[in-house]
Amino acid sequence: MTVTATLASAAPTRPGPPPRPRPGAVLVSTAAAVAALLLLVALGAVLHQPLLIPPLAASMALVAGAPALPLSQPRSVLGGQLLSALTGFAVLAAAGPGPWGAAVAGGLALGVMTLARTPHSPAAATAVIVALQAPPFWSFLGLLALASLLLVAVGLGAARAAGRTYPSYWF
């Protein structure tokens, strides 16, 4: 064996894209995401409260599309969203509503989630929204908790229908 052949065989390979999912799993995941987000819109309409569709849509994309990731687990979805909202409210109390405080809230939310071991990147947007819009504290937290639980429940059903395992752990 030559030195060149030895070096070539020892060189690390670059990871490629994820494997192509089964068509049935894609269909179930997509239908679950659409159903969950429509349920959130309906809930918001019934309660006359707008819900956080952008960060929750990103949360649902993780739960339905990548259910094995730590970011997708119920602990991270629920804990990350609620801790980020609380971070947004803390920054709001200290700085008032505005883009500067929103930027700080989004960054601090990452640190809070990391320390609490509840990583959930879409939740940083929740902190930003709170610091920008100054929603009512209790109704916002209640709706966010309900919405997060709904996403986890739909993700659980979708995983069962697609033959996947979700969650990998609860808390």
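Thr118 touches Arg75, Ser76, Gly79, Gly80, Leu83 and Met113, leaving out residues up to four places away in sequence. The residue sits in the loop between H5 and H6. Although Thr118 belongs to a loop, its relative accessibility is 5%, so it counts as buried. The model is a predicted one, and the contacts described here are computed from it.

Helix H6 covers residues 122-133. Ala123 is found in this helix and, with a relative accessible area of 0%, is buried. Apart from neighbours within four places in sequence, Ala123 is in contact with Gly80, Gln81, Ser84 and Met113. Gly80 and Met113 also appear among the residues that Thr118 touches. Ala123 and Val104 are separated by 19 residues in sequence, and their C-alpha atoms lie 14 Å apart in space.

The buried residues of H6 are Pro122, Ala123, Thr126, Ala127, Ile129, Val130 and Ala131. Their cover includes helix H3 (53-65), H4, helix H5 (99-116) and H7. The length of H6 can be checked against its residue count: at 1.5 Å a residue, its 12 residues should span 16 Å, and the end C-alpha atoms are 17 Å apart, which agrees. Just after H6, Ala134 takes a positive phi of about 50°.

H3 is one of the helices that cover H6. It has 13 residues and reaches 17 Å from its first C-alpha to its last, close to the 18 Å expected at 1.5 Å a residue. Buried in H3 are Pro55, Leu56, Ser59, Met60, Leu62, Val63 and Ala64. What covers these residues includes helix H2 (23-46), H4, H6 and H7.

Ser148 gives a view from H7, the helix of residues 137-162. Its relative accessibility is 0%, and Ser148 therefore counts as buried. Leaving aside neighbours within four places in sequence, Ser148 is in contact with Leu56, Val77, Leu78 and Gln81. Of these partners, Leu56 is one of the buried residues of H3. Gln81 is also a contact of Ala123.

On the surface, Leu86, Phe137 and Trp138 form a nonpolar patch, with about 350 Å² of accessible area together. Leu86 lies in helix H4, which runs over residues 74-95. At 38% relative accessibility, Leu86 counts as partly exposed, because that class lies between the 20% limit for buried and the 50% limit for exposed.

The whole chain can now be described. Its secondary structure comes to 7 helices and 0 strands, and the pattern along the sequence is α-α-α-α-α-α-α. The radius of gyration is 19 Å, well over the 16 Å that the globule rule gives for 171 residues, so the chain is more spread out than a compact globule. Taken along the principal axes, the C-alpha atoms fill a box of roughly 70 × 40 × 25 Å.

Buried residues make up 39% of the 171 residues in the chain. Among contacts between residues at least 6 apart in sequence, 75% join residues at least 24 apart. The chain exposes about 9,400 Å², and carbon and sulfur atoms supply 75% of that area.

Note on methods
Residues are numbered from 1 along each chain as its sequence is written. This is a predicted model: local features need pLDDT of at least 70, side-chain atom pairs count only at pLDDT 80 or more; totals for chains, interfaces and linings use all residues. Side-chain values use heavy atoms; hydrogens and water are left out. Patches are made of residues with over 30% relative accessible area and no salt bridge: like charges are joined within 9 Å, nonpolar side chains (Val, Leu, Ile, Met, Phe, Trp, Tyr) within 5 Å. Accessible areas come from the Shrake-Rupley method with a 1.4 Å probe; for residues, only the protein chains shown count as cover. A salt bridge is a side-chain nitrogen of Lys or Arg within 4 Å of a carboxyl oxygen of Asp or Glu. Helices (H or I, at least four residues) and strands (E, at least two) are DSSP runs, numbered from the N terminus. Buried means under 20% relative accessible area, exposed over 50%, partly exposed in between (1.4 Å probe, protein chains only). Contact means heavy atoms within 4.5 Å. The expected span of a helix is 1.5 Å times one less than its number of residues. The radius of gyration is taken over C-alpha atoms; the globule rule is 2.2 Å times the number of residues to the power 0.38.
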